[in-house]
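Let's take a walk through a protein together, going from the big picture down to single residues. Keep the 3D view open and turn it as you read.

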Amino acid sequence: MGAQEKSQTANNSMQRVKVYRLNDDGKWDDQGTGHVTVDYLERSEELGLFVFDEEDNETLLLHRISSDDIYRKQEDTTISWRDPEYSTELALSFQETTGCSYIWDHICSAQRNMHFNTLNSDTYHSANSELRELPAVELSTLPLILKTVVESGITDQIRVTELMLHDQDFFRKLMDLFRICEDLENVDSLHTIFKIVKGIILLNSPQIFEKIFGDEMIMDIIGSLEYDPDIPHVQHHRSFLKEHVVFKEAIPIKDPLVLSKIHQTYRVGYLKDVILPRVLDDPTIANLNSIIHSNNAIVVSLLKDDSTFIQELFARLRSSITSSESKKNLVLFLHEFCSLSKSLQMVQQHRLFRDLVNEGIFDIIGDVLQNQDKKLVLIGTDILILFLAQDPNLLRSYVTRQEGISLLGLLVKGMITDFGDDMHCQFLEILRSLLDSYASGSQKDTIIEIFYEKHLDQLIDVITSSCPPSTGGQSVSKSVGSTGSTDSQIHAKPEILLNICELLCFCVLHHPYRIKCNFLLNNVIDKILFLTRRREKYLVVAAVRFLRTLISRNDEHLMNHIVKNNLFKPIIEAFVCNGNRYNLLNSVILELIEYIRTENLKILLKYLVDSFWDQLVKFENLTVIHFLKVKYDQSLESSGMKSAVNMLDTRKRIDERALEKEEEDYFNEESDEEDSASASASVSHLPNIPPQPVLSNGSAASLPPLSSKSGRLVDYDFDEEDEDYKPPPKKHSEISDGDDGIIESFRLKRKLAQKEEPELIKKQRIGKNSKSKHNNVFAALCSTLSQAVLPGKKTASTTMRIVPGSPDSRNSSVEENHTDNNGSISCSDKCLTSDEGNPRSCSDSLHESPDNRQLSGEDCSLIPSNSSPEMTVNGS
């Protein structure tokens with residue numbers, strides 16, 4: 001064969017493989033080892049796989065490469081496929097991965113060429129045989145119609161759609177043929193028609209949908225879709241729509257367009273959701289939903305514009321002769337009518353709801369909420385929720401009016417009513433919306449006031465009557481509700497109690513002032529915590545969550561109320577009874593304790609540890625409990641330091657007052673001795689003192705300034721800074737024995753005063769009383785010294801100076817210097833040398849320190865010549 005000759009001459013392109021065939025037992029049989037290549041089949045333009053035996057060069061395998069996706073490459077060394085001619089599994093196992101890749105590339109290339117040739121042939125055929133018209137709708141042409149509709153490309157699908165819309169009788173003829181085949185029970189043709197109709201729907205043309213979903217044709221379209229070849233049994237969609245689906249007219253609708261749209265909407269929805277849910281793609285589903293939405297908008301618009309229809313609807317709802325079944329149908333119609341209004345634009349929706357309010361829809365809902373049919377009551381709440389979603393102020397305005405107050409009471413009553421398996425949270429949602437403090441409008445305050453005055457006690461009574469009495473002998477107090485009677489016999493379901501607790505948490509967040517007034521005065525918090533006695537853990541968690549919400553307000557009055565009434569007792573007892581179980585109750589109580597610690601709520605922190613640490617100590621291994629105790633200890637330490645500081649401040653104030661008294665007594669005692677000393681000095685030197693000149697303003701003229709290092713009676717802080725000061729050389733004093741005794745007495749008394757003075761008082765006196773007391777001291781000293789000062793003479797003087805002592809004693813020493821024969825006393829040599837430059841007063845020189853710079857030379861004038869020694873010492 002030519003193929004064999006080619007293979008023998010092209011050994012370099014052949015690859016060594018093993019051929020395997022899958023037997024009936026599911027095992028691979030080895031067919032031999034040889035070399036594989038890709039070549040043309042004999043007398044054909046098709047490619048095939050050839051495997052020749054490596055020993056005798058016999059053909060082990062001959063396979064025609066198929067354009068179908070039947071080949072699989074495994075682990076880079078194996079190619080397997082199912083041969084359609086022999087209906088068996090074959091595999092080639094290559095020795096080298098490169099050989100496997102080489103043959104695999106050849107197979108893929110051959111498949112691409114075959115697909116390309118087929119595509120070119122189809123394109124050529126399509127270009128030269130453009131679809132000019134649809135085949136005639138006949139029984140024999142059904143396969144051709146199916147191929148035209150299903151197997152056409154995108155361009156052809158557009159053309160097919162145009163031809164179908166142009167041919168007015170195409171769909172009618174197709175449905176006539178369907179009825180004939182159904183009468184003849186021609187199942188094959190019915191299966192073909194099913195595929196054609198399905199293909200027409202998948203064309204997703206709104207114009208085609210408008211034709212096939214019309215009243216004349218839609219039931220036949222649904223009938224043709226009953227014969228799905230993938231379902232063994234025939235479906236009966238038409239019988240279900242005609243016999244089981246009942247169209248109820250609460251009020252007869254006279255507009256035929258409205259009736260047509262209602263029926264079409266239901267049938268299109270049935271086709272989308274029941275008949276073809278597995279077949280339809282997303283674009284087609286979107287178009288079908290658009291049809292439904294558009295029909296709903298048309299129906300609602302036509303009905304709301306029909307004033308007679310709306311008036312008749314509300315007249316029947318108000319009529320007392322209307323039967324309960326008819327009234328139920330009217331309420332159901334009203335609910336569906338309001339629900340379908342979502343299809344309208346927002347402006348039209350608002351106008352519709354406002355018109356319904358004007359017609360008295362809330363009065364109708366009030367009657368519905370009192371109906372014995374609980375399902376009907378829940379439908380009424382659904383209508384209220386629709387109004388709240390559209391415009392909450394419509395309902396708020398009605399509730400604040402006199403005739404609407406009862407509606408709020410009905411909502412509260414419905415919240416505590418047992419609805420069995422149909423229990424929902426509609427009442428809770430409606431009350432939340434009405435009591436929302438952040439809502440706009442002026443009616444919210446009135447609604448909140450009505451709720452707290454008339455309905456809060458009713459909710460609390462349900463909690464107290466549904467909880468078992470305390471094991472500790474506490475009596476459950478009964479509060480009277482808004483109707484004046486006690487509801488102590490009510491035992492509400494746990495779901496109702498949970499909803500009440502959720503509503504109260506909402507009130508805590510939105511009405512802090514009302515909560516403070518109503519909850520504290522009526523012991524509401526205590527009663528809500530009765531829920532901790534329930535055996536349902538989620539109710540205990542709800543009670544803890546309520547207390548956590550209350551504490552999050554950070555209100556001191558509420559915290560004091562909690563501490564005063566020991567409200568944490570049931571919480572801690574529930575925590576202890578829960579033990580080491582790691583559940584929601586354990587987590588929520590630990591979170592409450594952690595919040596108290598992190599927010600540093602000292603009142604509750606101290607209350608928790610002081611009152612319940614004996615019970616909590618067994619849980620100290622928990623991080624939250626451990627750090628609670630640490631926080632408590634830290635607060636105690638900080639409070640102890642603060643009290644110590646307060647005591648120290650009190651002692652300092654007492655010591656300051658004692659210091660003032662001590663200094664005052666000290667100077668009073670020294671006044672007599674200083675008087676005698678100053679008197680003797682003034683008498684002995686009086687003839688040498690010239691009269692003092694008086695200025696025009698009546699004040700005495702200033703004397704030469706004294707040095708800042710001159711004698712002081714007390715020590716000051718700035719003395720320590722003058723450690724480098726070197727006093728002038730001492731001179732022997734010629735002071736008399738009497739004067740010597742006076743100075744010695746002064747020194748002894750000063751030392752005794754300093755020894756008896758405590759160190760703390762001494763420091764405080766130095767730091768705080770420099771301004772209030774130093775002025776008197778300097779005034780006395782200046783007055784004493786000024787009696788013997790002779791202005792204009794620079795003579796050696798007796799200087800009395802207090803030198804800064806050691807840090808421990810800070811005792812002052814008095815240095816005595818001899819004076820010349822004139823006997824005059826000067827402050828220091830520095831004072832004498834500064835006389836010539838700028839004469840200043842003695843007070844100026846003494847007060848040169850930064851603490852006393854505010855004193856001017858006029859603050860301490862010289863003593864007139866006619867003043868007595870007593871006046872000088874006393875500072876008069």
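Before anything else, keep in mind that this is a predicted model. The protein has 876 residues, and 44% of them are buried. On top of that, it holds 36 helices and seven strands. How much of the contact pattern joins residues at least 24 apart in sequence? If you take the contacts between residues at least 6 apart in sequence, 68% join residues at least 24 apart.

Now for a pair of helices. When two helices pack, they are described by the angle between their axes and the distance between the axes. Find helix α3, which covers residues 142-150, and helix α6, which covers residues 187-202. Their axes are 9 Å apart, and the packing angle is about 25°. An angle under 35 degrees counts as roughly parallel, so α3 and α6 are roughly parallel to each other. As for handedness, α3 passes α6 in a left-handed crossing. On the α3 side, the contact is made by Leu142, Pro143, Ile145, Leu146, Val149 and Val150. On the α6 side, you'll find Ser189, Thr192, Ile193, Lys195, Ile196, Gly199 and Ile200. Sort the residues of this contact by class and you get nine nonpolar, three polar and one charged.

Stay in this part of the chain and look for Leu174, which sits in helix α5. Is Leu174 buried or exposed? It is buried, with a relative accessible area of 1%, and the cut-off for buried is under 20%. Leaving out residues up to four places away in sequence, Leu174 touches Val137, Leu142, Ile196, Val197 and Ile200. Some of those names may ring a bell: Leu142 belongs to the α3 side of the helix contact, and Ile196 and Ile200 belong to the α6 side. Leu174 also lies 9.7 Å from Ile221, C-alpha to C-alpha, although 47 residues separate them in sequence.

Where does helix α5 end up? It spans 170-184, and the loop between α5 and α6 is home to Glu185. This residue has a phi near 60°, a positive value in a residue other than glycine. Here is why that catches the eye: most residues other than glycine have a negative phi. Glu185 is exposed too, with a relative accessible area of 64%.

Next, hop over to helix α8, residues 218-224, and pick out Ser224. What is the relative accessible area of Ser224? The value is 0%, so Ser224 is buried. If you set aside its neighbours within four places in sequence, Ser224 is in contact with Met175, Phe178, Ile193, Phe194 and Val197. You have met Ile193 already, in the contact of α3 with α6, and Val197 among the residues that Leu174 touches.

A bit further along is Ile275, in helix α10, which runs over residues 256-275. Ile275 counts as buried at 13% relative accessibility. Its C-alpha is 7.4 Å from that of Leu225, even though the two are 50 residues apart in sequence. Not counting neighbours within four places, Ile275 is in contact with Ile222, Leu225, His237 and Tyr270.

Time for a second helix pair. Helix α20 (residues 444-454) and helix α23 (residues 512-521) have axes that come within 11 Å and cross at roughly 15°. That makes α20 roughly parallel to α23. The crossing of α20 past α23 is right-handed. The residues in touch are Ile448, Glu449 and Tyr452 from α20, together with Arg514, Ile515 and Asn518 from α23. By class, the contact of α20 with α23 has three nonpolar, one polar and two charged residues.

Another positive phi turns up at Asn600, with a value near 55° in a residue other than glycine. Look for Asn600 in the loop between α28 (584-598) and α29 (602-616). At 31% relative accessibility, Asn600 counts as partly exposed.

Last stop: the cysteines. A disulfide is a covalent bond between the sulfur atoms of two cysteines. How many disulfides are there when the sulfur atoms must be within 2.5 Å? The count comes to zero disulfides. Two cysteines to look up are Cys425, which is partly exposed with a relative accessible area of 40%, and Cys577, which is exposed at 64%.

Definitions and conventions
Residues numbered from 1 in each chain as written. Predicted model: local features only at pLDDT ≥ 70, side-chain atom pairs only at ≥ 80, totals over all residues. Heavy atoms only, no water. Disulfide = S-S within 2.5 Å. Buried < 20%, exposed > 50% of the residue type's maximum accessible area, 1.4 Å probe, protein only. Axes fitted to C-alpha atoms, helices over the stretch in contact; angles between N-to-C directions. Helix = DSSP H or I, 4+ residues; strand = E, 2+ residues; numbered from the N terminus. Parallel < 35°, antiparallel > 145°, perpendicular 65-115°, else oblique. Left-handed = near helix turned anticlockwise from the far one by under 90°. Contact = heavy atoms within 4.5 Å. Nonpolar A, V, L, I, M, F, W, Y, C, P; charged D, E, K, R; others polar.
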